[in-house]
Amino acid sequence: NVFYFSLKDTLIVWSEAENYDLALSFQEKAGCDEIWEKICQVQGKDPSVDITQDLVDESEEERFDDMSSPGLELPSCELSRLEEIAELVASSLPSPLRREKLALALENEGYIKKLLEIFHVCEDLENIEGLHHLYEIIKGIFLLNRTALFEVMFSEECIMDVIGCLEYDPSLSQSRKHREFLTKTAKFKEVIPISDPELKQKIHQTYRVQYIQDMVLPTPSVFEENMLSTLHSFIFFNKVEIVGMLQEDEKFLTDLFAQLTDEATDEEKRQELVNFLKEFCAFSQTLQPQNRDAFFKTLSNMGILPALEVILGMDDAQVRSAATDIFSYLVEYNPSMVREFVMQEAQQNDDDILLINLIIEHMICDTDPELGGAVLLMGLLRTLVDPENMLATANKTEKTEFLGFFYKHCMHVLTAPLLANTTEDKPSKDDFQTAQLLALILELLTFCVEHHTYHIKNYIINKDILRRVLVLMASKHAFLALCALRFKRKIIGLKDEFYNRYIMKSFLFEPVVKAFLNNGSRYNLMNSAIIEMFEFIRVEDIKSLTAHVIENYWKALEDVDYVQTFKGLKLRFEQQRERQDNPKLDSMRSILRNHRYRRDARTLEDEEEMWFNTDEDDMEDGEAVVPPSDKTKNDEDIMDPISKFMERKKLKESEEKEVLLKTNLSGRQSPSFKLSFSSGTKSNLTSQSSASNLPGSPGSPGSPGSPGSPGSVSKSTSQMAAITTKGGLVGLVDYPDDDEEDDEDEDKEETLPLSKKAKLESS
């Protein structure tokens, strides 16, 4: 047997000699045994054995080796010995060595032609048994996977007889009529006369071998698939030769393009020409990159793009479909070549007949209910407008030139269906096919928003595109409404104030809020997508949009409490309002929060660790320096906004959270630092503790007994950092390194002694 099964515990293994193994695993031994019995029943074997392969005794193996050692001796090619030949071929297939020797014997003795002579005899005698043996023999020769044998079998004198042998499959009740199809039904059409007989013969051969592979040979099993790799290669190299020979025939290509563009060419002839060109381009995909470059350069020089422009303007749908396929080959190969052509033709032709506009129109007018052609064309348009594959040279930038051309001459054609369908508050046409088309257009527009800059921005704002797109939020098709929402989300994601002002001016959150409320309590993709958009605005703190949403839509959204997004937006809005009311406080808080003037790149943890590891004596060099100009400031200018701020409970809590410094030191709870202000201009940072009440250093100008202090005392259980004020700017931490630099830069500084247990005071 070529294949055999073996039983291993709960595994049934299917093997071909030593080359391949497939295992079928069972959870239960009983189920495995049941299937094994059925396999053995089909194989005609005893279920008690663990393998279905017939064991070859040593003497038979030795005889076979002796026979094949100098070279395999084939039985004489006679009708009476066909069964013996078929068994020899089948028994040789499992072993690579035997396969090699069998192939050499078949090549050296001209055995295949002798077998085909017997085929004619069997057909004349209607010897069905002999024809079945010949089928097995020829199929086995295919599985030998030898190019030399294929050269003989696919020669002009042999190929039809080989196909004839493969008509008599023993598993079929009736023979197939493959030869009849190839000789009577299949017709070879020369759209342009081919003068080279070798080229013509190569085309015939390739078609027939392709037919054998696709239609005649049975579908290969898992084990046989690799055995036909040489057959695939044979077809592949034949196609390469055909393309090369046609490419070198300049007269042939010149006649082809001349007839394609000739208005006198009848429709049937033109369709044949286009189909030939399509197959010609498909064959080119087998070429190596260098050869493919030369192929498309030849077609370009011959005028393939102007020819496609003429063809796409015709009424015949089949011709246009084939032309679209050819266009796709060109775009995938070299989009820059296509872009250069369409920009040149724009100087000579009207917008309506531009090649790229013809492609857009075919996409819009696709009659396929599933819009298969439109999807393909949309992918080609995306490739053409993708800046990633555009070239930039010293003299010109392809991106700038082509996008300028596209938005001037083509974008209005692309958006026409969108604008026509969104003139009212809801889509005027809301059938499935229209929705699919609009979704494709929105997909490309979303791509443009992401990858183009001012071109798409100017177009959207000037043409009010976003407002028209959001009309589609009212569509009954959820996928279209989500496409519209995704388009707006992409715009908001840019955080561009030009877009934001446009959105606010036109109140373009209204369709989104309306869709959100109409969706109700349903937990679906629409609900999640809308919430995510508002959450993005909150997290990114887009102030203009936050204020716009709360001022105009808060009443509609305030009851939404299953997420904290809208309440968070409201809090952001209130914080913004408070900052506007207290600009000085906001300035101080932002400086404290951002650590704007820290001079090195140490992290917050490193800073705190350094602070806590520094002795109190070592820190006495730390200084809080106030420029003389600050001393003349009116105390009320600082105290007024601070006192207002301290009176507001909610804002007080939120601001304290922002100023908190948290650290985990040796497993202890992080100390909380609180800022308290006095009327002076020199200040320290104090920390609170309920355990102790310690005054500042005796000599300190800010000690509790000094006239400039209101007598407030801060409590502390943790170490302190100092606020350094220089030139009106405040930094959170004063480092020793900074102090050294300060000493070099400033001759006179007023200093406060630092203490890890001190309060914020002023002299």
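Helices here are DSSP runs of H or I with at least four residues, strands are runs of E with at least two, and both are numbered from the N terminus. With that in hand, let's start the tour. You are looking at a predicted model, in which local features need pLDDT of at least 70 and side-chain atom pairs count only at pLDDT 80 or more, while totals for chains, interfaces and linings use all residues. Residues are numbered from 1 along each chain as its sequence is written, and side-chain values use heavy atoms, leaving out hydrogens and water.

**Stop 1: threonine 415**

Select helix α21, residues 411–420, and find threonine 415 in it. Is threonine 415 buried or exposed? Its relative accessible area is 0%, so threonine 415 is buried (buried means under 20% relative accessible area, exposed over 50%, partly exposed in between, with a 1.4 Å probe and protein chains only). Now show tyrosine 459: its side chain makes a polar contact of 2.8 Å with the side chain of threonine 415. A polar contact is a pair of N or O atoms within 3.5 Å; within protein, one must be able to donate a hydrogen and the other to accept it, and residues adjacent in sequence count only if both atoms are side-chain atoms. Setting aside neighbours within four places in sequence, threonine 415 is in contact (heavy atoms within 4.5 Å) with Leu445 and Tyr459.

**Stop 2: the nonpolar cores**

Next, select Phe402, Phe405, Phe406, Ile460, Phe509 and Phe534, the residues with the most contacts inside the largest nonpolar core, which has 130 residues. Helix α22, residues 432–451, gives the most to this core, with 12 residues. A nonpolar core is a set of buried Ala, Val, Leu, Ile, Met, Phe, Trp, Tyr and Cys residues joined through side-chain atoms within 4.5 Å. Zoom in on phenylalanine 406: leaving aside neighbours within four places in sequence, it is in contact with Ile356, Val385, Met411 and Leu414. Apart from this core lies another, of 50 residues, including Leu106 and Ile141.

**Stop 3: helix α28**

Move on to helix α28, residues 525–539. How well does the span of its 15 residues agree with 1.5 Å a residue? The expected 21 Å (1.5 Å times one less than the number of residues) agrees with the 20 Å between its end C-alpha atoms. Buried residues in α28 include Met526, Ile530 and Phe534, and among the elements covering the buried residues are α27 (510–519) and α30 (565–581). Phenylalanine 536, also in α28, is buried at 15% relative accessible area. Show threonine 565 as well: it is 29 residues from phenylalanine 536 in sequence and 9.3 Å from it in space, C-alpha to C-alpha. Just after the helix, aspartate 541 takes a positive phi of about 55 degrees.

**Stop 4: charged pairs**

A search of the whole structure finds 24 salt bridges, each a side-chain nitrogen of Lys or Arg within 4 Å of a carboxyl oxygen of Asp or Glu. Stay with α28 and select glutamate 532 and arginine 489, whose closest N and O atoms are 2.8 Å apart in a salt bridge. Arginine 489 lies in α25 and glutamate 532 in α28, so the pair ties together parts that are 43 residues apart in sequence. Both are partly exposed, arginine 489 at 21% and glutamate 532 at 36%. For a last look, select Glu100, Glu107 and Arg146, joined into one network by salt bridges that share partners.
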